[in-house]
Amino acid sequence: MTAIPVLGAQRDTTCPYCGVGCGVSMHREEDGWRATGLAQHPANFGRLCVKGSALGETLGLQERLLSPEIDGCRVDWDRALDTVAARLREAMQTHGPESVAFYVSGQLLTEDYYVANKLMKGFIGAANIDTNSRLCMSSAVAAHKKIFGADAVPGCYQDLALADLVILTGSNMAWTHPVVYQRLVAAKQARPAMKVVVIDPRETATCDLADLHLPLAAGTDGFLFTGLLAWCARQGLLDQAYIDAHTRGFAECLAAAAQACPDLASTAQQCGLPLETLRTFFAWFAESPRTVTVFSQGINQSDTGVDKACAIIHCHLATGRIGKPGAAPFSITGQPNAMGGREVGGLANQLAAHMGFEACARVARFWRTDRIARSPGFKAVDLFRAVGEGRIKVVWIMATNPVVSMPEADLVRAALAHCPTVIVSDCVADTDTLRLAHIRLPAAAWGEKDGTVTNSERRISRQRPFLPLPGEARPDWWIISEVARRMGFEAAFPYQSPAQIFREHAALSGYENDGRRAFDISALAQLTDQQYEQLLPVQWPLSGKGPFRPGASGTERLFADGHFFSPDGRAHCTPVTPRRPMARTTAEWPLLLNSGRLRDQWHTMTRTGRAARLLSHVSEPYIAVHPADLATAGVDDGELVQVESPLGQCLVAARASNEQTPGEVFMPIHWNDCFASAARVDALVAAICDEESGQPAFKQTPVRLQRYAARWQARVITAEPVQTPDSQYYWCRVPDGALVRWRMAGSRAVTLDWLKARCPTITDWAEMVDAARGHFRLLGYRHGRPVCFAALAPSLVTLDEDWLVQQLRASAPADALQLMAGQPGGARDTSPVVCSCHQVREAALEDAVRNGCHDVAALGQCTRAGTGCGSCLPEIKTLLARVRTGTPEEIAQC
Amino acid sequence: MNTQRPHLVVVGNGMAATRLLEELLALAPTRYQITVFSAEQAPGYNRVLLSPVLGGEKDESSIVTHDEAWYRDRGIHLVAGDPVCAIDRRRRQVTSRSGLCVPYHRLVLATGSLPRRLQCAGADAQGITTFRDLRDTRALIQASTRSRAAVVIGGGFLGIEAAEALHRRGVAVTLLHTGAWLLNRQLDREAGNLLHDELQRRGVQVCLQSRTASFEEDHRRQVRAVRLQDGHRLKADLVVQAIGITPDTRLARAAGLHCEQGVLTDDTLQTYDPAIYAVGECVQHRQRTFGLVAPLYEQARVCAAHLAEQGHRRYCYRDSATRLKVSGVAMFSAGDIQGDSDLYWRDASARVYRRLWLQGDRLRGVVLYGDTSGAAWFEQRLGEDVSGCRDSLLFGDRLPEQAA
């Protein structure tokens with residue numbers, strides 16, 4: 001266990017957010033921990049995004065799960081572990097090993113992942129372990145395996161800076177991978193001739209950098225890249241020597257492409273793009289041997305995700321643009337350790353260490369087990385369906401929140417509600433999934449965890465603990481190992497440290513490998529505990545031949561030599577016939593719903609939802625809609641709408657957005673039942689999966705909008721418990737330190753007493769009543785101190801919430817009348833925060849522009865906006881353009 | 001002194017009279033030769049502050065506004081302690097009690113008002129007094145030193161102030177009020193109850209809906225109890241009547257000036273005799289008589305302008321706000337406390353209360369209790385269309401100016 005850190009302590013670790021895998025240095029300061037970018041880490045070279053910078057604000061122990069619980073009662077670890085082991089054993093004995101399942105996560109460290117996978121596939125003897133990487137990565141995995149013979153990303157981040165053409169498809173990199181995006185921005189600034197093409201139906205923040213934006217029809221990327229391949233062939237741009245020497249099946253692949261996309265016009269029509277735009281894009285591709293194509297969820301989360309990924313890779317193979325500096329297809333992952341999970345075999349259709357079930361005899365030998373699983377288990381969607389059908393008796397969910405993140409989320413919730421035993425390991429005390437758990441196990445959180453993660457460029461980095469384990473929290477590997485021992489597998493789970501597990505994992509990767517498997521880190525199998533502790537970021541593969549040199553950086557690029565990991569050493573091209581998404585709009589369901597991430601949030605907000613700074617960018621769930629579609633639905637900007645699909649409904653605010661293509665709408669994925677009444681976008685999404693990868697199509701769901709006739713809107717700010725109204729009302733919770741800002745709305749009239757009843761612990765109320773207008777304000781006291789502010793009115797009233805929060809927190813708050821006025825006596829800026837790092841607001845920026853700051857640099861100098869992580873720069877540019885194109889009178893007035 | 005100047009005589013030296021002099025001197029310092037008759041010996045003082053004097057929070061000297069030097073320095077002839085007892089309008093001269101006879105070119109009546117008294121059995125007993133002027137105040141202070149139980153009749157401003165002040169002097173006080181709550185013309189029931197609770201908390205007994213039937217006196221004709229119409233009997237060796245005022249029209253009536261409730265004036269404060277003006281509590285203007293200081297000051301301003309022959313002003317009644325002069329009790333009332341809708345803020349633990357009444361979109365009445373810091377803001381908005389700021393109206397005084 002880590003000792004309590006002293007002031008001034010410093011610890012280098014890895015950021016737990018996205019797949020970029022940035023190095024972070026944590027410093028102990030007077031008022032807590034501060035995160036800074038680790039200058040020597042090759043993923044970020046000292047940069048951090050706003051989420052990473054706010055890591056120090058997410059470490060508090062409030063809302064942490066700190067002791068094991070069974071059926072809501074605290075128990076000790078012995079009792080909890082015995083119970084988990086007994087339930088697993090009982091189900092295995094009564095219903096067979098297929099009756100238990102693990103659902104794990106890219107938030108686990110490689111060591112945790114390895115132990116979970118080993119227990120399930122090696123000793124329980126079934127393969128019903130799948131990971132939430134299924135939801136974000138599995139189409140890329142399938143394409144990699146199919147074509148390269150191994151799930152290996154060919155390139156590295158450096159390639160983005162070396163390329164002449166960077167294609168970003170299905171990736172809003174400015175928000176989802178801000179640090180890689182900033183590296184790209186810097187590269188383009190240094191070398192303006194470099195071209196960036198963004199392929200996205202939405203005009204996202206990433207388009208800010210684009211020389212060309214292709215707003216293609218949703219889900220038609222397959223046509224675009226198949227069309228590109230066919231066009232290259234027609235133009236004689238193929239690298240025939242490379243194709244002949246290193247690929248197999250290319251002719252069939254090309255024939256299928258030529259048939260599907262016979263000419264430029266048909267491709268343009270399929271993609272809904274102007275012919276000229278397409279021609280420009282193709283021409284740029286033709287003239288840029290150094291091309292990197294970055295693809296992410298927009299490609300993967302599709303019912304033809306594997307085909308799309310293949311189509312992209314084919315274009316690179318056909319032109320020999322792979323494994324060379326500045327040339328590669330590049331799948332970028334969402335989670336910090338999605339790659340680590342793939343490496344240990346965390347997906348149900350892999351076995352271990354990049355080996356499939358054909359290698360079960362070998363793995364059984366290595367693990368010394370006679371119980372090894374011999375065939376794939378349930379992939380995520382099927383796994384929860386099996387839970388719903390009663391075929392799974394015990395499900396153990398680790399470090400993830402499937403009730404929010406899975407498609408058909410309401411069905412997942414219903415399935416778990418009926419499952420005889422639901423075990424959840426998590427570090428927080430309340431998630432939608434934890435609410436359904438019979439057994440809750442307190443896991444270590446980032447900051448306490450010790451192990452390794454692998455980022456999108458195959459780079460293994462250490463996550464090092466800098467905080468002691470709080471309460472009864474334990475690392476996941478410890479919990480799983482303890483359960484395994486109590487199930488009678490003590491010989492195979494003797495682990496005392498993550499280093500011990502890592503060495504075994506590394507040894508397995510090299511076991512009977514002989515260069516046939518890409519994933520080989522056996523060079524690390526002999527690390528001493530100290531070498532493991534000090535391990536510097538390293539890219540796999542690292543051959544086991546010869547001793548490991550500490551500080552070795554590993555392999556930057558794969559396939560440069562034209563050698564692939566298929567049995568014949570060639571890349572296997574497979575014919576792709578693109579098709580449109582299965583989901584279609586109809587008169588009844590006229591809008592196509594896309595979903596994705598926001599700049600300052602992460603997953604289901606269990607971590608980022610605790611940092612007030614991160615909620616200041618966007619604090620409420622919403623649906624972005626083109627103004628024309630809003631008009632059709634008879635909804636005003638900002639009004640609440642019911643978003644319905646055949647599967648479920650959400651209740652969120654509508655936001656008019658010119659960045660949306662008419663007919664297409666967008667909702668962020670983050671909100672859940674702990675944060676809002678009905679904003680789980682995945683409750684709307686049908687589980688239509690790619691047949692091959694089992695990855696669900698999250699990006700296209702036909703929906704309709706209906707105005708929610710809110711009769712009142714309310715704001716409540718308090719640290720006291722709040723009884724949320726039922727789902728016929730709208731509510732949303734915005735934590736701000738110990739306080740929470742609540743927003744509520746309803747379509748039925750409520751009384752003052754109803755509002756008071758939201759805060760049942762408060763008995764001393766002061767009240768404002770305008771009965772005729774239906775406007776109420778409340779101030780709740782505890783021991784004479786104001787502890788709750790509430791306002792309810794037919795329409796939103798003007799309040800300076802930031803100031804109110806400040807006052808409720810202050811040791812000497814303003815008097816009650818001033819609090820009820822909802823703002824301080826002097827003038828203040830309450831416009832939205834644009835720069836989260838430095839908390840610079842829109843109005844301040846507008847003023848600065850009017851006062852002569854005419855570019856981003858000047859604005860940065862004057863207001864500090866955009867000088868932190870830089871992820872607000874696209875918004876700042878939009879603001880600059882907007883303010884500067886004001887009417888002449890306006891400008892004259894300034 | 002230039003005897004060629006026209007002679008102005010002012011009858012009365014209360015707050016309306018002294019304000020008139022100030023206004024007039026500001027406009028036309030040398031126009032008139034001025035004589036002021038005062039019934040009281042004391043020079044000009046602020047009557048509004050008699051309650052704090054009674055309560056011992058202020059001394060007499062601190063409420064003096066115009067001492068003898070003030071008149072002397074301005075060449076005004078002050079005749080103190082010698083009231084005018086007759087006006088000869090034909091000869092345009094006044095005669096004082098001492099027989100002083102002074103001619104006038106212009107005469108201003110500022111005779112003020114008389115406190116109302118109950119006309120019931122025992123009303124003449126010793127120890128039953130009013131609370132009107134410095135003399136009353138001195139008498140009450142003296143009586144308080146030996147009084148064991150006092151009754152104050154009238155739960156209006158003056159009665160409340162008197163009761164609280166006597167209580168401060170250590171007298172056991174009961175306040176009787178005929179209304180259902182205190183200050184029922186200025187406050188709504190809730191604010192009235194808050195005030196009631198505050199007085200009770202301080203130790204003043206308050207009896208609502210109590211009508212006096214008679215007074216009992218002892219063999220020395222000293223009052224010893226108050227009998228109520230409901231049969232209750234309250235011991236009292238000191239009774240203060242604070243049940244309102246009547247304009248003092250005695251002199252005007254005797255001179256044949258047209259009077260009803262008060263001396264009738266037009267919008268220039270001129271009476272039926274063009275040489276005679278009237279200001280203050282003795283006036284009746286457009287069916288209205290006066291008891292608050294703000295309209296008196298406005299009358300003084302208008303009247304002075306006419307006397308200075310800069311007669312462009314017209315007196316026009318404006319609702320004025322009222323405050324209670326009881327230390328530690330902040331209370332404010334303005335406008336009409338009724339309307340077709342209302343808004344309130346009730347903070348029981350802080351004992352702060354606000355209520356606003358609207359008629360349509362216009363602000364019609366305001367009551368502030370416990371915290372009157374917004375009084376000026378609300379008073380300024382009386383009668384205005386407030387529909388645009390209704391949501392923040394109750395706390396409008398606390399908003400930044402541009403937002404309000």
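In this predicted model, strand β30 of chain A (residues 764-770) and β25(B) run antiparallel and are joined by 3 bridges. One residue pair helps to place this pairing in the structure: Glu767(A) has Arg346(B) as its bridge partner in β25(B).

The wider contact between the chains draws on 23 residues from chain A and 20 residues from chain B. On the side of chain B that touches chain A, strand β25 of chain B (residues 341-347) supplies the largest share, with 6 residues. By character, the residues on this side of chain B comprise 10 nonpolar, 6 charged and 4 polar.

Turning to the layout of chain A, the chain is divided into domain 1 (10-58), domain 2 (69-136 + 337-499), domain 3 (146-331), domain 4 (591-703), domain 5 (712-821) and domain 6 (833-893). Taken over C-alpha atoms, the centres of domain 3 and domain 5 of chain A are 51 Å apart.

A helix of chain A rewards a closer look. Helix α2 of chain A spans residues 77-95, and its 19 residues reach 26 Å from the first C-alpha to the last, close to the 27 Å expected at 1.5 Å a residue. Its buried residues are Ala80(A), Leu81(A), Thr83(A), Val84(A), Arg87(A), Leu88(A), Ala91(A) and Met92(A). Why do they lie on the same side of α2(A)? They do so because they cover an arc of only 160 degrees around the axis. Exposed residues on the other side of α2(A) are Asp78(A), Gln93(A) and Thr94(A). Just after the helix α2(A) comes Gly96(A), which takes a positive phi of about 90 degrees.

Terms used: Residues are numbered from 1 along each chain as its sequence is written. Chains are lettered from A and ligands numbered from 1 in the order in which they are written. This is a predicted model: local features need pLDDT of at least 70, side-chain atom pairs count only at pLDDT 80 or more; totals for chains, interfaces and linings use all residues. Domain bounds come from an automatic or database domain assignment. Two residues are in contact if their C-beta atoms, placed from the backbone, lie within 7 Å. Helices (H or I, at least four residues) and strands (E, at least two) are DSSP runs, numbered from the N terminus. Ala, Val, Leu, Ile, Met, Phe, Trp, Tyr, Cys and Pro count as nonpolar, Asp, Glu, Lys and Arg as charged, and the others, Gly among them, as polar. Two strands pair if DSSP finds at least two bridges between them. The expected span of a helix is 1.5 Å times one less than its number of residues. A residue is buried if 20 or more other C-beta atoms lie within 10 Å of its own, exposed if 12 or fewer, and partly exposed in between; C-beta atoms are placed from the backbone. The arc is that of the directions from the helix axis to the C-beta atoms.
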